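Q: I am new to this structure and should be grateful for a close look at a single part of it. Please set that part in its context as well.

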Amino acid sequence: MRRVAQTRVVESDVCIIGAGISAAMVAERLAERTQASIAVVEAGRRTAGLAERARTRDRMLAYGENPYPGDHVAGQIGTGAMYNSMAVGGAAMHWGGAVPRYSPEDFRVRSLYGVGFDWPIAFDDLEPYYQEAEERMGVAGEQGPPEYDPRSKPYPMPPLPLSYNLRRMREWTDAAGIPFWTQPWARNTEPYQGRNVCQRCDSCYVCPTGAKYTPDFAFDRLLADGRVDLVPQTLVRRLVLNADSDRIESAQAVRTDSPEETVEIRAGTFVIACGHAWSAHLLLNSAGGRFPTGLANRTGNVGRYMTGHWFASGFIELPMQLFPGIFVNNSLLSHRFASPGPLDRYLRHDLRLWESDVGRAPRLRGDDRRTLWGDEIVSDWRARTQAATARIRAYYDVIPDRESRLTLDPSRTNSLGDPMPRLGFRAAQATLDLERHTHDAIESRFRELARSGGGKVMRTQRSQLFEHPGGGCRMGDDPATSVVDRWSRAHDHENLFVVGAPTIVSSGCANGTLTFCALSLMAAEEIGRGLR
Amino acid sequence: MSGGVAGSRRAFLKRSAAVVATASAGACGRRGEGEGEGATAQVVLPGETLRAVGKAVLPGELGADGTERAVAAFERWAADLEPVAELRHSYLVPGVRYSGPDPRPGWAAQLQGLETECMKRHGTSLAEAEIGQRREMLAGRVQEARGDFGPPAEAGHVAVALMAHFYRSAVARDLCYRRAIGQEQCRGLAGAGDEPAALAGAAA
């Protein structure tokens, strides 16, 4: 029997497209502070809930299986650095929960150092929202030296305790004169929002206890309170303009489990919270009429200035015995070199330190390539554990280029015929000019640190993967060079907001999620003003 | 070496028959709704041969009980292995990854091959062969294996899979360090900064 196409209509005051961490922040704030009806539309489905995570964790550890099975939409995948996750909770279901803030300098690199771009906002503008994001997700952190770790209020929870190994490593870094402190984490050290305390399971990718914040917890609360209408398995394909103005009138979507069923979402305000790839993609895919190159794209900036940071890393051999394997997911952090003061030549980076068993793991063959058997393997392994390995990594600032772009790829389409995104990240010439200087300086810092502990650098490596990516709808005061304003409102459409990762101007030298959340909360404040 | 050749031959033939026995897919450890697609008949690994391999490749320091526990843990792991399972996402790499096809039929055949070769070469079953003889037969077979014990399911040879499974375990780490490290074991935050305790009876 032929099925008749059906259209379901969803109406709300606010339509949030995407159900990841930025969406959770916006939905929660609006639900608490306004009476607006809120629809959250998500292409993926709900994935493994807390009750299932002990089992999926066991499978992940034993077999490397995805602990959130089916957290993607078949065929909805692009080319370039992007996440696979498309589910309620988004990529933040998988995250480790590292939540450093950007440094004040990140927002003013042009003014301070003559490179890159200043943001339209300063650190101080964002600081209250950083705090709010930390309180919403529950962050455990240690106050670092205030000059490198500025904050107006204490962390919501005390830091995760250092393991024996990290304690020993911190003695080493203290002696080297470089201040390190505990990485802040969105993991509970006290019962928080009805969630458990961290049990140091060392599988943070999937937390079996619920101590790690994931956005599904926020949606569960909002659903239980009847404050949002969650519309899962509904892929928004394009936004539609009002016939007489540049306001967005509706979103056109299809059910991913039943593509013949279309969904029309009508709302007063639309919020795109689809991450660094799908946000610009949706705008570009909505091209037509008065916006032939995509919505919010009058000045041609949608999909441009894609950004992220690169890193240099190393393994340092230290003359001490450590016992790797307990709480390896904690780490030490330093922002000393993210706030370097005046510079002759631009160089900013963070430092992270972990325990490691690189060079100290069991192996099948000895140095002479002979196969080892039985007790020989243990003896060989044991002999190599008399010294320790520390892993060190420096994320450094990469200046985005206008040609660092997300475009629609007509050669790769989904089952509906929509072109998929192609992400072609590119660093600005200024970063390429600085590359050698950057690596020499960072690796020299690694060597200095190793020497101070009587150790040596075993090896170093470099990565040009644009980590913690963002951009594509960057914020700015000037519509000629940006897509959204400082409140994440599209310059071209008064009732359209793009939130989170796509709006960042640069990726700084720290994990980005907390900043994406803070920017989303700042946007939510502006959205809320229009609803009161 | 104990037992005569004739007795060994009888035992060998019995074991060989067991090698090719297959069990229903229901015992394959598949779980949950919608996970039934692609189920394959589970191949049972011949336990006696596997134990003979275990005694040759696992550390003697484990003792007989420890070796038995390690082999039994591998058997349980192999029984629950799901071929072509959806794997954990790689960071910023688009596309869903799946594990490889079922390695167990190949492993069973390898074990059977070891028995056959042992019988031809030494006139005895693998379990009755000297440890040195077993290692000699295994040496050529593990030559191509990666040296760092990657995921056991990706090991080309069952002996390497068994070793990889053991050496990636908490038991192996504790044995090496002679400390109660207990990797990947959930525990509270109390005592987080303490040096892990020495294992009872462990030499310094």
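In what order do the six strands of the open sheet in chain A stand?

A: The model is a predicted one. In chain A, the six strands of the open sheet follow the order E3-E9-E10-E11-E8-E14, and their pairing is antiparallel. Strand E3 (181–182) and strand E14 form the edges, since each of these two strands of chain A pairs on one side only.

At the E14 end of this order, E8(A) and E14(A) are joined by ten bridges and run antiparallel. Within this pair, Arg462(A) in E14(A) is the residue that stands opposite Ala312(A).

Two loops that involve strands E8 and E14 of chain A deserve attention. The loop between strand E8 (304–318) and strand E9 (332–334) of chain A contains Phe327(A). Most residues other than glycine have a negative phi. Phe327(A), although not a glycine, has a positive phi of about 60°. The residue is also buried, because 24 other C-beta atoms lie within 10 Å of its own, where 20 or more are required.

A similar description can be given for the other loop, which runs between strand E14 (456–472) and strand E15 (496–498) of chain A and holds Ser488(A). Ser488(A) is not a glycine either, and its phi is positive, at about 70°. With 28 other C-beta atoms within 10 Å, Ser488(A) is likewise buried.

Another antiparallel pair in chain A is made by strand E12 (residues 405–413) and strand E13 (residues 419–424), which six bridges join. One of the partnerships here links Leu406(A) to Leu423(A) in E13(A). The hairpin of E12(A) and E13(A) has five residues between its strands, and Gly417(A) takes a positive phi near 90° there.

These strands belong to a chain whose secondary structure comes to ten helices and 15 strands. The radius of gyration of chain A is 24 Å, close to the 24 Å that the globule rule gives for 532 residues, and chain A is therefore as compact as a globular protein of that length. Taken along the principal axes, the box filled by its C-alpha atoms is roughly 75 × 55 × 45 Å. Buried residues account for 57% of the 532 residues of chain A. Among the contacts in chain A with a separation of 6 or more, 72% are between residues 24 or more positions apart.

Chain B has seven helices and two strands, arranged along the sequence in the pattern α-β-β-α-α-α-α-α-α. Of the 204 residues in chain B, 33% are buried. For chain B, residues 24 or more positions apart make up 49% of the contacts with a separation of 6 or more.

Finally, the two chains meet: 53 residues of chain A are in contact with 48 residues of chain B. On the side of chain A that touches chain B, helix H2 (50–63), helix H5 (164–176) and helix H8 (375–384) each supply at least two residues. H8(A) gives the most, with five residues. By type, the residues on this side of chain A comprise 28 nonpolar, 17 polar and eight charged.

Conventions
Residues numbered from 1 in each chain as written. Chains lettered and ligands numbered in written order. Predicted model: local features only at pLDDT ≥ 70, side-chain atom pairs only at ≥ 80, totals over all residues. Contact = placed C-beta atoms within 7 Å. Helix = DSSP H or I, 4+ residues; strand = E, 2+ residues; numbered from the N terminus. Nonpolar A, V, L, I, M, F, W, Y, C, P; charged D, E, K, R; others polar. Rg over C-alpha atoms; globule rule 2.2 N^0.38 Å. Buried ≥ 20, exposed ≤ 12 C-beta atoms within 10 Å, placed from the backbone. Pairing = 2+ DSSP bridges.
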